[in-house]
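Please look through the structure below, and then read the explanation that goes with it.

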Amino acid sequence: MLENMTANPAGKPPFPKAEKLTAVKGMNDILPPDSARWEWLEGKVRTLMECYAYRNIRTPILEHTQLFVRGIGEVTDIVEKEMYSFEDRSDKHGDHDHLTMRPENTASVVRAVTEHNLLYDGGKRLYYMGPMFRRERPQRGRYRQFHQIGAEALGFAGPEVDAELILLAAALWKELGLTDWRLEINSLGQPEERAQHRAQLIAHFELHADALDEEARRRLHSNPLRILDSKNPAMKAVIESAPRLIDFLGTESLAHFDELKAILDANRISWTLNHRLVRGLDYYNLTVFEFVTDRLGAQGTICAGGRYDYLIEQIGGKAAPAVGWALGVERVLELIKEQGKQVPVLVPDAYAVIPDASALPVVLRTLQALRAAGVRVQMHAGASVDGMGSMKSQFKKADGSGAKYALIFGATELSEGFVAVKPLRGEKSEGEQVQTHQSLDDVHAWAQMLRA
């Protein structure tokens, strides 16, 4: 019996070949070295957020569906068409939750702030990074799993915080070396002002019903403001002749908007007033804005946001003002690439070349000491159980790693208590790279040389 179980004819695998599995369409792997670009961007964001006193918040990917229905709005594209929602398995009582993978994170942040009463001692400045999910046709800069970085300031009512967030985004573009963008702004006023405008807007579009496409006619009475955001060129004339929301704003709304513009002007931030800018979510009021580029085709919005003073109350919390923005990580990285910006990729300071596996105990002890001193070291590892591979192949890998130095743990050097340090790039002396010997007993003495 045992003989039958262990028998394996030569050349045949011990199990059948499995079918190759692939990622879900529109949900992409981020692989090295491209992942280094993501880490670089995230590092820039973290440093900048610290400068503006914004603190990190992390919310669950799964939320109750009602959070987004109530917060985003039932007649938005996200809720109607794009959310990944499902009923969870029933518990022992037969009860189950209706859950949604978050399509955006502002509602989740507001839920967390409300649930944990974060505003009990005053306003909070928060930021987040992470994946969002929408079921739509994947295209350049628009995926089913996409990533956003967002900043939210909750508990502050004044236009100076709207301006601060816009200045924060503009500072990030400068830090990333991005120049090909423009800022578009608008004011949506307050709900009562929008109600007056809404009535006039419906009347206008009803007079031109024959010019509306099917989507616009469907939204005419449920969400007419969204018709202004249509990209259908056949509707351009009727949209441009529609009543402008800004003409319905009261004194306080206009003063808020004027102060925002004054702060932007004082900081030399160029802006364009876009009367058609309404954003796609129901929770916005007063200031709305978008950073837009022409380099990415139809997906030209790289960052967008605005004020949402009534969302906290909608979600069940105590009324408090708030404003924020979110940027699309994939789109920002694509724009960086489009503009030819070179993103630094981290490489090891040194690569350990190991002629004989018997040296591994000494090698690992030395490398751990170097790493503790802040040196980035990559160790050569054998591809099979047969050994470490030839010196030629190891040096080829060392050069390909981008490391500045090779650490050669040869038998002769080790017997004398040394490691050979060979420069792989950089300065040369008399046409030759100079190889030195460094003591294994005092690694910290020469660790600084590798870091430099």
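The paragraphs below cover a sheet and its helices, then the aromatic rings, and then the cysteines. The model is a predicted one.

Start with the sheet. Five strands make it up, and their order across the sheet is β13-β12-β14-β15-β16. The sheet is open, and the pairing within it is mixed. Which strands stand at the edges? They are β13, residues 377-379, and β16, residues 436-439. Each of these has a single partner strand, so one side of each is left without a neighbour in the sheet. On average, neighbouring strands of the sheet are turned by 30 degrees against each other, if direction is ignored.

Now follow the pairing from strand to strand. Strand β12, residues 350-353, pairs with β13 in the parallel sense, over three bridges. In this pair, A352 stands opposite M379 of β13. β12 also pairs with β14 in the parallel sense, over four bridges. Here the bridge partner of A350 is Y405 in β14. The pairing of β14 with β15 is antiparallel and again has four bridges. Y405 appears in this pairing too, where it stands opposite P423 in β15.

Two helices pack on this sheet. Helix α13, residues 360-372, touches β12, β13 and β14, the last of which spans 405-408. The direction of α13 makes about 160 degrees with that of β13. Helix α14, residues 391-400, touches β12, β14 and β15, with β15 spanning 418-423. The direction of α14 makes about 170 degrees with that of β12.

Strand β14 deserves a look from both sides. In a regular strand the side chains alternate between the two faces of the sheet. In β14, Y405 and L407 lie on one side, while A406 and I408 lie on the other. Are these four residues buried or exposed? All of them are buried, and both faces of β14 are covered.

Next come the aromatic rings. A pair of aromatic rings is described by the distance of the centres and the angle of the planes. How many aromatic pairs does the structure hold? There are three. In one of them, the rings of W173 and F291 have centres 5.7 Å apart and planes at 75 degrees, so this pair is edge-to-face. It joins distant parts of the chain: W173 belongs to helix α6 (residues 159-176) and F291 to strand β9 (residues 285-292), and the two residues are 118 residues apart. Both W173 and F291 are buried. F291 also pairs with F289, with 6.4 Å from centre to centre and 80 degrees between the planes, which is again edge-to-face. F289 is buried, as is F291. Ring pairs link W173, W181, F289 and F291 into a cluster.

Another ring has a charged residue beside its face rather than a ring: R125 lies over the face of F156, at 4.7 Å from the ring centre.

The cysteines come last. How many disulfides does the structure hold? It holds zero. For C51, the closest cysteine sulfur is that of C303, and because the distance is 18 Å, the two are too far apart for a bond. A disulfide requires the two sulfur atoms to be within 2.5 Å. C51 and C303 also differ in their surroundings. C51 has 63% relative accessibility and so counts as exposed. C303 has 1% relative accessibility and therefore counts as buried.

Definitions and conventions. Residues numbered from 1 in each chain as written. Predicted model: local features only at pLDDT ≥ 70, side-chain atom pairs only at ≥ 80, totals over all residues. Heavy atoms only, no water. Buried < 20%, exposed > 50% of the residue type's maximum accessible area, 1.4 Å probe, protein only. Pairing = 2+ DSSP bridges. Axes fitted to C-alpha atoms, helices over the stretch in contact; angles between N-to-C directions. Contact = heavy atoms within 4.5 Å. Phe/Tyr/Trp six-rings, centres within 6.5 Å; stacked < 30°, edge-to-face > 60°. Lys NZ or Arg CZ within 6 Å of the ring centre and 35° of its normal.
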